[in-house]
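Me: I have a protein open and would like to go through it piece by piece. Can we start with one residue and work outwards?

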Amino acid sequence: MQIRPIENEADYRRALKEIEPYFENPPSKDDPARDVVDAMISVIEAYERRHFPLLDNATAVDALRFVMEQQELTAKDLAPCIGSTEWVGEVLAGKRPLTLSMIRRLDEVFDIPVKYLIRA
């Protein structure tokens, strides 16, 4: 793993993919990879602060509404990821939680970082 600047969405996705294995198995204190992983996390967080500033303290519904507004999306646009326009309404009203498969599809289709969609 090399520490490189994140200048665009492709760089961001690459960086996340590189550190993903360490989410479940963080390097030990004595592992030389720990410094590299920590540095990569700092670079990723800096990119996210620049590109997703309003989402830092947002709930999943807040993040979803923000992205809908920014990308001019409707419930109909989100329905393929969530299941139906009725379910989209329920999610936005806080009556239905996002499932892991919904979160994955929203991330894939609309580039909404997973970390913002897993919040209560």
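Reply: Yes. This is a predicted model. A place to begin is Asp11, which is buried but has no salt bridge. The nearest side chain of opposite charge is that of Arg14, 4.5 Å away.

Me: Why does Arg14 at 4.5 Å not give Asp11 a salt bridge?

Reply: A salt bridge needs a side-chain nitrogen of Lys or Arg within 4 Å of a carboxyl oxygen of Asp or Glu. Arg14 is the nearest side chain of opposite charge to Asp11 and is 4.5 Å away, so the cut-off is not met.

Me: Where does Asp11 sit?

Reply: Asp11 is part of helix α1, which covers residues 9-19.

Me: And what does Asp11 touch, leaving aside neighbours within four places in sequence?

Reply: With those neighbours set aside, Asp11 is in contact with Pro5 and Ile6.

Me: OK, zooming out. How many helices and strands does the protein have?

Reply: The protein has eight helices and zero strands. Read from the N terminus, the order of elements is α-α-α-α-α-α-α-α.

Me: What does the C-alpha trace span?

Reply: Along the principal axes, the C-alpha trace spans about 50 × 25 × 25 Å.

Me: What share of the residues is buried?

Reply: The protein has 120 residues, and 32% of them count as buried.

Me: What about contacts between residues at least 6 apart in sequence: what share join residues at least 24 apart?

Reply: Of those contacts, 56% join residues at least 24 apart.

Me: Now helix pairs. At what angle do α5 and α7 cross?

Reply: Their axes cross at roughly 125 degrees and come within 8 Å of each other. That angle makes α5 oblique to α7.

Me: Which residues make that contact?

Reply: From α5 there are Asp77, Leu78, Pro80, Cys81 and Ile82. From α7 there are Met102, Arg105, Leu106, Val109 and Phe110.

Me: How do they divide into nonpolar, polar and charged?

Reply: The contact of α5 with α7 has eight nonpolar residues, no polar ones and two charged ones.

Me: Met102 is in that list. How far is Met102 from Gly83?

Reply: Their C-alpha atoms are 8.1 Å apart, and the two residues are 19 apart in sequence. Gly83 lies in the loop between α5 (75-82) and α6 (85-92).

Me: Is Gly83 buried or exposed?

Reply: Gly83 counts as exposed because its relative accessibility is 52%, and the cut-off for exposed is over 50%.

Me: Different topic: backbone angles. What is phi for Glu72?

Reply: Glu72 has a positive phi of about 55 degrees, although Glu72 is not a glycine. Glu72 sits in the loop between α4 (60-70) and α5, and is exposed, with a relative accessible area of 70%.

Me: And what is phi for Asp111?

Reply: Asp111 is also not a glycine, and its phi is positive, near 55 degrees. Asp111 is in the loop between α7 and α8 (114-117). With 33% relative accessibility, Asp111 counts as partly exposed.

Me: Last one, Tyr47. Where is Tyr47, and is it buried or exposed?

Reply: Tyr47 is in helix α3, residues 33-51. Tyr47 counts as buried because its relative accessibility is 3%, and buried means under 20%.

Me: How far is Tyr47 from Arg4?

Reply: They are 43 residues apart along the chain, and their C-alpha atoms are separated by 12 Å.

Key
Residues numbered from 1 in each chain as written. Predicted model: local features only at pLDDT ≥ 70, side-chain atom pairs only at ≥ 80, totals over all residues. Heavy atoms only, no water. Helix = DSSP H or I, 4+ residues; strand = E, 2+ residues; numbered from the N terminus. Buried < 20%, exposed > 50% of the residue type's maximum accessible area, 1.4 Å probe, protein only. Lys, Arg positive; Asp, Glu negative; His and termini not counted. Contact = heavy atoms within 4.5 Å. Axes fitted to C-alpha atoms, helices over the stretch in contact; angles between N-to-C directions. Parallel < 35°, antiparallel > 145°, perpendicular 65-115°, else oblique. Nonpolar A, V, L, I, M, F, W, Y, C, P; charged D, E, K, R; others polar.
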